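Subject: A structure to look through

Dear colleague,

Below is the structure I promised to pass on to you, together with its sequence. Please open it first and have a look around, and then read my notes underneath.

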Amino acid sequence: MKKNFILLYVLLVAAQMLICNYLHLTSYVQLSLLPALILCLPTRVRTSVALLIAFATGMAVDLIAEGAPGINTVALLPVALLRRTVCDFIFGEELVLRGEEFSIRKYGLPKVLFALFLVQALFLLIYLWADGAGTRPFLFNLIRFGASLAAGMLLGIPVTDMLTPDDRK
């Protein structure tokens, strides 16, 4: 884990709040750094603690920036719940057993992209479902999901690179 992980995490949560408040590209794109932030939590962080971190992060963003209390929280909690499962599936169980961290340099961009894709897709499925509440047409939601997933992946790569260590052990 990087020594300044907590500081970077807090700064990126603040960046997410700024994105929510001031960066509205279109109604088809929902930008979120939050799934990448939760994915990059150190592997020594247990699932119960990750759930608490996800809850606190989601509520902070919801209350300060989003305006819809609970929407980020409800979408972020399943990401925290399945974080270890995604890491075990993609990077192998040894990662968690040894207490190591994943990184783009250590595991390669394709594996990290796949992990990021899974958590971003899970987050967006729940977020868009909660946001639309069945009131928007399916095609609109499908386009919004695809555009938001692509944008989230593009933002998630540098976030993941910032929060994960760059050593090759």
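**What I found**

The protein carries 14 positive and 11 negative charges, and the mean positions of these two groups are 4 Å apart. Please keep in mind while reading that this is a predicted model, and that every value here was computed from it.

**The whole chain**

The protein has eight helices and zero strands, so that its elements, read from the N terminus on, run α-α-α-α-α-α-α-α. Along its principal axes the C-alpha trace spans about 50 × 30 × 25 Å. For 169 residues, a compact globule would be expected to have a radius of gyration near 15 Å, and the protein agrees with this because its own value is 15 Å.

Of the 169 residues, 46% count as buried, while the surface that the protein exposes comes to about 8,600 Å², with carbon and sulfur atoms supplying 68% of it. If you look at the contacts with a separation of 6 or more, you will find that 74% of them are between residues 24 or more positions apart.

**Helix α7**

I would suggest looking next at helix α7, which covers residues 109–132. How far apart should the ends of a helix with 24 residues be, at 1.5 Å a residue? The expected span is 34 Å, and the end C-alpha atoms of α7 are 33 Å apart, so the two values agree. Just after this helix, G134 takes a positive phi of about 75°.

The buried residues of α7 are V112, A115, L116, V119, Q120, A121, F123, L124, I126, Y127, L128 and G132. When you look at how such positions are spaced, it helps to know that an α-helix has 3.6 residues a turn, so residues three or four places apart point the same way. The cover over the buried residues of α7 includes α2 (34–39), α3 (47–66), α4 (71–91), α6 (104–107) and α8 (138–163).

Two neighbours in this helix are worth following one after the other. Is Q120 buried or exposed? Q120 counts as buried because its relative accessible area is 0%, which is under the cut-off of 20%. Leaving aside neighbours within four places in sequence, Q120 is in contact with S32, P35, S148, L149 and G152.

V119, also in helix α7, is buried with a relative accessible area of 2%. Not counting residues up to four places away in sequence, V119 touches P35, L39, V79 and V86. P35 is therefore a contact that appears in the list for Q120 as well as in the list for V119. The C-alpha atoms of V119 and F91 are separated by 14 Å, with their places 28 residues apart along the chain.

**Two further residues**

T160 lies in helix α8 and is buried, with a relative accessible area of 1%. Apart from its neighbours within four places in sequence, T160 is in contact with A36, C40, F102, V112 and L116, and both V112 and L116 are listed among the buried residues of α7.

F89, in helix α4, is a case of the opposite kind, being exposed with a relative accessible area of 62%. F89 and L128 are 39 residues apart in sequence, and their C-alpha atoms are 26 Å apart in space.

With best wishes

Notes
Residues numbered from 1 in each chain as written. Predicted model: local features only at pLDDT ≥ 70, side-chain atom pairs only at ≥ 80, totals over all residues. Heavy atoms only, no water. Helix = DSSP H or I, 4+ residues; strand = E, 2+ residues; numbered from the N terminus. Buried < 20%, exposed > 50% of the residue type's maximum accessible area, 1.4 Å probe, protein only. Contact = heavy atoms within 4.5 Å. Expected span 1.5 Å × (residues − 1). Rg over C-alpha atoms; globule rule 2.2 N^0.38 Å. Areas by Shrake-Rupley, 256 points an atom, 1.4 Å probe, with all protein chains shown as cover. Lys, Arg positive; Asp, Glu negative; His and termini not counted. Charge placed at Lys NZ, Arg CZ, Asp CG, Glu CD.
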